[in-house]
Amino acid sequence: QVQLVESGGGLVQAGGSLRLSCAASGRTFSNTAMAWFRQVPGKEREFVASINLTGLRTYYADSVKGRFTISRDNAKNSVYLQMNRLKSEDTAAYYCAADRRPLYSGGVYSPHDPSLYWGQGTQVTVSS
């Protein structure tokens, strides 16, 4: 089992920046591909970004490409999402996810993927 705790959400003006953090525990973090998703009430959870074991390979949704950056620090068992040039449509609850398959290389995940552990989420609100 993996425990994931997100932090860093809040209220920001359009055009601003936020950095989300996700602290993981319960397994070897460096063996675990990680991802971020987001969800707006009444809509399906959507993939935002993912990162492979070493951090050298990343994947992004088209809607955030060029504005968001996912990174990880295996020494701190943490994954981050740097969000720049935020837009009102980025307003959502953001969820950290961990792939339960050891050494899986990661990729673009479906929100229905049964291989994912989930955090509790952190709210990001972008005011226009």
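**A walk through the strands**

Let's start near the beginning of the chain: Q3 is found in strand β1. Keep in mind as we go that this is a predicted model. How accessible is Q3? At 38% relative accessibility, Q3 counts as partly exposed, because that value falls between the 20% limit for buried and the 50% limit for exposed. Leaving out residues up to four places away in sequence, Q3 touches A23, A24, S25 and G26. Now look along the chain to A14, which is 11 residues from Q3: the C-alpha atoms of these two are separated by 31 Å.

Zoom out a little to the whole of β1, residues 3-7. In a regular strand the side chains alternate between the two faces of the sheet. You can see that here: L4 and E6 point to one face and are buried, while Q3, V5 and S7 point to the other face and are not buried. Which strand does β1 pair with? It is β3, which runs antiparallel to β1, and 5 bridges join the two. If you want to find one of these links on screen, go to L4, whose bridge partner in β3 is A24.

While you're at β3, look for C22. A disulfide is a covalent bond between the sulfur atoms of two cysteines. A search of the whole structure finds 1 disulfide, and this bond joins C22 to C96, with 2.1 Å from S to S. The link connects distant parts of the chain: C22 sits in β3 (residues 18-25) and C96 in β9, 74 residues apart. Both C22 and C96 are buried. Why is this disulfide called left-handed? The torsion about the S-S bond of C22 and C96 is about -80°, so the disulfide gets that label.

Next comes the inside. In soluble globular proteins, nonpolar side chains tend to be buried together. Here the largest nonpolar core has 37 residues, and those with the most contacts inside it are L4, M34, W36, V79, L81, M83 and Y94. Each of β3, β4, β5, β7, β8, β9, β10 and β11 supplies at least two residues of this core. The largest share, 5 residues, comes from β9. For one member's surroundings, try M34: leaving aside neighbours within four places in sequence, its contacts include L4, C22, I51, I70, V79 and C96. So L4 turns up again: this residue of β1 is buried, and M34 is in contact with it. Both disulfide cysteines, C22 and C96, are also in contact with M34.

Now for some rings. A pair of aromatic rings is described by the distance of the centres and the angle of the planes. The count here comes to 2 aromatic pairs. In one of them, the rings of F37 and F47 have their centres 5.8 Å apart and their planes at 80°, so the pair is edge-to-face. F37 belongs to β4 (residues 34-39) and F47 to β5 (residues 46-51), 10 residues apart. Both of these phenylalanines, F37 and F47, are buried.

The other pair brings F37 together with W118: their ring centres are 4.8 Å apart and their planes are at 65°, so this pair is edge-to-face too. F37 lies in β4 and W118 in β10 (residues 116-118), so the pair ties together parts that are 81 residues apart in sequence. Buried or partly exposed: which word fits each partner? F37 is buried, with a relative accessible area of 0%, whereas W118 counts as partly exposed at 27%. Put the pairs together and F37, F47 and W118 form one aromatic cluster.

Two arginines also have rings beneath their charged ends. The charged end of R45 sits over the ring of W118, 4.5 Å from its centre. Likewise, the charged end of R100 sits over the ring of Y117, 4.3 Å from its centre.

We'll finish in the loops. Most residues other than glycine have a negative phi, and most peptide bonds are trans. N77 is not a glycine, yet has a positive phi of about 55°. Where is N77? Look in the loop between β7 (68-73) and β8 (78-83). N77 is partly exposed, with a relative accessible area of 28%. R85, also not a glycine, has a positive phi of about 50°. You'll find R85 in the loop between β8 and β9 (92-99).

Conventions:
Residues are numbered from 1 along each chain as its sequence is written. This is a predicted model: local features need pLDDT of at least 70, side-chain atom pairs count only at pLDDT 80 or more; totals for chains, interfaces and linings use all residues. Side-chain values use heavy atoms; hydrogens and water are left out. Helices (H or I, at least four residues) and strands (E, at least two) are DSSP runs, numbered from the N terminus. Buried means under 20% relative accessible area, exposed over 50%, partly exposed in between (1.4 Å probe, protein chains only). A disulfide is a pair of cysteine sulfur atoms within 2.5 Å. Two strands pair if DSSP finds at least two bridges between them. Rings of Phe, Tyr and Trp (its six-membered ring) pair if their centres lie within 6.5 Å; planes under 30 degrees apart count as stacked, over 60 as edge-to-face and the rest as tilted. A charge sits over a ring if NZ of Lys or CZ of Arg is within 6 Å of the ring centre and within 35 degrees of the ring normal. A nonpolar core is a set of buried Ala, Val, Leu, Ile, Met, Phe, Trp, Tyr and Cys residues joined through side-chain atoms within 4.5 Å. Contact means heavy atoms within 4.5 Å.
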